[in-house]
Amino acid sequence: MANIVVLVKYVPDATGDRTFTSDNTVDRVGVDGLLSELDEYAVEEALKVVEAGDGEVTVLTVGPEQAADAVRKALQIGAHKGVHVLDDAIAGSDAAATSLVLAKAIEKIADYDIVMTGLASTDGAMSVVPAMLAERLGLPQLTFASELTIEGDTIRIRRDGDAATETIEASGKMVVSVTDQINEPRYPSFKGIMAAKKKPVETWSIADLGIEASQVGTAAAWTKVLSFEPRPPRTAGEIVTDEGDGGTKLAEYLASKKFV
Amino acid sequence: MTLTPEHADFRAMVRDFAAEKVAPHVAQWDRDHHFPVELVHEMGDLGLFGLTAPEEFGGAGGDFTSLCIAIEELGRVDQSVGITLEAGVGLGIAPLQAFGSDAQKKQWLPDLVAGRALAGFGLTEPGAGSDAGGTRTRARLEDGEWVLDGAKQFITNSGSAITSLVTVTARTGDRPDGRPEISAICVPSGTPGFVAEKAYDKLGWHLSDTHPLTFTDVHVPEDHLLGERGRGFAQFLATLDDGRIAIAALAVGCIQACLDLCVEYAGQRTTFGVPIGSKQGVAFQISDLAVMAEAGRALTYQAAAMKDAGAPAKQIKQAASIAKLYTSESAVTATRIATQVFGGYGFMEEYPIARFYRDAKVLEIGEGTSEVQRMLIAKGLGLPVE
Ligand SMILES: Cc1cc2nc3c(=O)[nH]c(=O)nc-3n(C[C@H](O)[C@H](O)[C@H](O)COP(=O)(O)OP(=O)(O)OC[C@H]3O[C@@H](n4cnc5c(N)ncnc54)[C@H](O)[C@@H]3O)c2cc1C
C-alpha cells in the first residue's frame with residue numbers, strides 16, 4: 001500500500017519566449033506553460049509504484065491559475081486526483097516559502113506514504129525544494145534516484161554521482177526525488193485524457209493551510225534577484241585547420257580555455 | 001466545428017508523439033522502404049488504433065473527430081505513417097466493427113485495436129478499381145468452406161509481418177437480374193493459397209505496406225463471411241465514405257506541413273540581401289497555403305462532426321466527398337508550391353518537402369479518385385451524371 005503525493009510544477013515552455021516580471025521573478029502568467037518535463041518522470045515513477053502494488057497518486061501544485069494545466073496533464077497521464085494551491089499572495093515566493101506551502105498542503109493531504117518529486121524544475125532549476133520539504137516534514141530524503149526498488153515499506157534508490165554510485169534506503173514515510181534516467185514517461189492516452197475530466201481536483205488558498213500572507217511572496221523571500229540578462233546568442237565556433245599540427249593546436253586551444 | 005478542450009489536449013499529445021517518435025526516423029525509413037512495425041505497436045499502446053472501437057475490445061469508444069485529429073497530426077510529420085493509421089482503422093478495423101459477427105470481432109479486434117496486428121481491405125483488382133463492380137475474384141461454398149480464387153491489387157497493410165487478415169470482396173454467385181452477387185470474406189494471413197506478393201515499388205508512401213494479393217484455391221470456414229451474403233459491395237462502399245473523411249484529414253496534415261516548412265524557410269533563406277519571404281511573389285503563395293489548410297480543416301472536421309452527430313448517411317456521403325476532393329487536390333497544389341519555395345533544395349531528399357511532394361499525389365487516387373468524387377458529388381446534387 002503506497003499513497004504517493006507527486007509535486008508538479010507549471011513552468012514556462014522552454015521553446016517559447018521567456019520573460020520576467022517587474023520584480024525580476026519569472027513571469028508565469030503571461031507566457032505559455034506546461035507541466036515541467038522533469039516532473040513527468042516523478043509522475044511516471046509514482047504510477048509504476050502504485051500499479052505494481054496499490055494505492056493512489058495525488059498530484060500537488062502551487063502556482064497561478066494556469067498551473068491547473070499541469071495538474072490536468074498529470075491526471076491525463078494517470079494520476080488519480082489533484083490539489084492546486086492557488087493564492088495571489090504566493091506570487092514571487094522563493095524556494096523556502098514554496099516548501100512551506102507544499103509542506104502544509106502535504107500535511108493537509110495527510111494520507112500519504114511517499115512524496116515524490118522531479119530532479120529540479122526546468123525554470124528555477126534550484127533543486128532544493130525536496131530537501132527543504134523533507135526537513136519541514138521531518139522525513140528522510142532519498143534524492144536524485146535513477147533507479148528505485150521497493151521491498152515492503154523500504155525503498156532503495158540508486159544515486160549516480162560523478163565519482164561513485166550510491167545505494168541508499170529508507171523506511172516509512174519519505175521524500176524521494178527522481179532523475180530523468182529513472183524511466184521513460186508515458187504519453188497520456190485518449191482514454192486517459194477523457195478520464196481526467198472526471199477526476200477530482202481541489203483548490204486551496206493559503207488560509208486553508210493556516211499560512212499568513214506575510215510568510216510567502218516576494219516580501220518574505222530570503223533571496224532577491226537583482227538583475228538578469230538574456231544569454232548572449234551562440235557565437236560561431238572556431239575551426240582548427242589541421243596542417244599536420246592539428247593535435248597540438250587543439251591542445252593549445254583547450255589549455256587556453258583552461259579545459260586541460 | 002465542435003472541438004473540445006479534450007480534443008485540443010489529444011492533438012497536443014499526438015503532436016508530441018509524432019515529433020519524438022516519428023520525425024527523427026522517417027527520412028531513413030522512407031529511404032529504406034522500411035515498414036516500422038515497432039512504431040505501429042507504440043501507436044497501439046497510445047490507443048490510436050482503438051480510438052473509435054468499443055471498449056469491450058480494448059478500444060476507447062471515442063469519436064471520429066479524434067481519429068481525424070490523430071491522422072492529421074501524424075500526417076503532418078509523415079504521410080505514410082498517417083495512412084498506416086488511416087487504413088488500419090478505416091479499412092482494417094471499421095468493416096469488422098460494423099459488419100463482423102461476435103465471434104469474428106472476438107477473434108480479430110483485440111489485436112487490431114491494440115496495434116499488435118493489422119488488417120487489409122481488398123476491393124481493388126486488376127480489372128476493378130473505380131469500377132469496383134467489375135470484381136472477378138470468386139468464392140464458392142463447398143462442404144462448409146468458402147473456396148476463393150482470384151487476385152487483388154494495391155492493398156494497404158496486407159503483407160506486413162503483423163497482418164492478421166484481409167477482408168476481400170468476391171463474387172459468390174449471380175443475382176436473378178444477372179448482375180454478380182458480391183460478398184465480403186475474411187481471409188486470415190497464412191491461409192494456404194493466399195499470397196501477399198512482393199511489395200510495390202511506389203512513387204511515394206514508401207513506408208506504407210502495399211501488396212498485390214493472389215488467391216489460389218484458398219479455403220476458409222463458412223463463418224468467415226463478413227456481414228450478409230450479397231451485401232459485400234454495399235458494405236465496402238459504406239466503409240469508404242468514412243475513409244474519405246479520414247483521407248481528407250491526412251491531406252490537411254500534408255498542407256499544414258507545407259505551410260509550416262515554408263513559413264520557416266521563407267523567413268530564413270535570403271536572396272538579393274533579403275529573406276525570400278519579403279517578396280510578395282513568395283509570401284502570397286504561402287498565404288494561399290494557409291487558406292487551403294484552414295478551409296480544408298473546416299470541411300474535414302465538419303464532415304467528421306456530422307458523422308459523430310449521426311447525420312443522415314446521404315449528407316455525410318456528400319460532405320465526405322467534398323472534403324476529400326478539396327483537401328487532396330489542395331495538398332497536391334500545396335506540395336508543388338512548397339517545393340517551388342524551397343528552390344533547388346525542394347528537389348533534394350535531404351529536405352522533407354521532397355518526400356511530401358512524392359507522397360501527396362496518391363491522395364487524389366486512393367479511396368476514390370478525384371473524378372469519382374466529382375461523380376459522387378454530382379449524383380448527390382441530383383444531376384443525371386453517368
Ligand atoms: C498506394 C495505394 C494504396 C491503395 N490501397 C488500397 C486498399 O487498401 N484497398 C483497396 O481496395 N484499394 C486500394 N487502392 C486502390 C485505389 O483505391 C484505386 O487505385 C483507385 O480506386 C483507382 O482505381 P484504378 O487504379 O483501377 O484506376 P481506374 O479505375 O482504372 O481509373 C483510371 C483513371 O480513370 C478515371 N476514371 C475511371 N472511371 C471514371 C469515370 N466513370 N468517369 C471519369 N473518370 C473515370 C479515374 O479517375 C482515373 O483517373 C490503393 C491504391 C494506391 C495507389
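## Ligand shell, chain contact and the sheet of chain A

In this predicted model, the residues that make up the shell around the ligand comprise eleven nonpolar, ten polar and four charged ones. The shell counts 25 residues, of which B:Leu123, B:Gly129, B:Ser130, B:Thr369 and B:Glu371 come nearest to the ligand. Four elements of chain B give two or more residues each to this shell, namely helix H5 (79-99), strand S1 (118-122), strand S3 (145-156) and helix H11 (370-380).

Chain A and chain B touch each other through nine residues of chain A and twelve residues of chain B. On the side of chain A, helix H5 (residues 190-196) of that chain provides the largest share, with four residues. Sorted by class, this side of chain A consists of five nonpolar, two polar and two charged residues.

Chain A also holds an open sheet of seven strands, arranged in the order S7-S11-S6-S1-S4-S5-S12, in which the pairing is parallel. Strand S7 (141-145) and strand S12 (201-204) of chain A stand at the edges and have a single partner strand each, so one side of each is left without a neighbour in the sheet. On average, and with direction ignored, neighbouring strands of this sheet are turned by 20 degrees against each other. At one edge, S7(A) pairs in the parallel sense with strand S11 (residues 174-178) of chain A over three bridges, and A:Gln141 has A:Val175 in S11(A) as its bridge partner.

Helix H3 (residues 95-109) of chain A packs on the sheet, and its direction makes about 145 degrees with that of S4(A). The strands of chain A that this helix touches include those listed here.

| Strand of chain A touched by H3 | Residues |
|---|---|
| S1 | 4-7 |
| S4 | 57-62 |
| S5 | 81-85 |
| S6 | 114-117 |

Strand S12 of chain A is likewise touched by helix H3.

A single residue of chain A, A:Thr218, can be followed in further detail. A:Thr218 is found in helix H6 (residues 217-220) of chain A, and it counts as partly exposed because it has 17 C-beta neighbours inside 10 Å, a count that lies between the limits of 12 or fewer for exposed and 20 or more for buried. When residues up to four places away in sequence are left out, A:Thr218 touches A:Asp23, A:Thr25 and A:Gly92. The C-alpha atom of A:Thr218 is separated by 7.0 Å from that of A:Ala91, although the two residues are 127 residues apart along the chain.

Key. Residues numbered from 1 in each chain as written. Chains lettered and ligands numbered in written order. Predicted model: local features only at pLDDT ≥ 70, side-chain atom pairs only at ≥ 80, totals over all residues. Contact = placed C-beta atoms within 7 Å. Nonpolar A, V, L, I, M, F, W, Y, C, P; charged D, E, K, R; others polar. Near = placed C-beta within 6 Å. Pairing = 2+ DSSP bridges. Axes fitted to C-alpha atoms, helices over the stretch in contact; angles between N-to-C directions.
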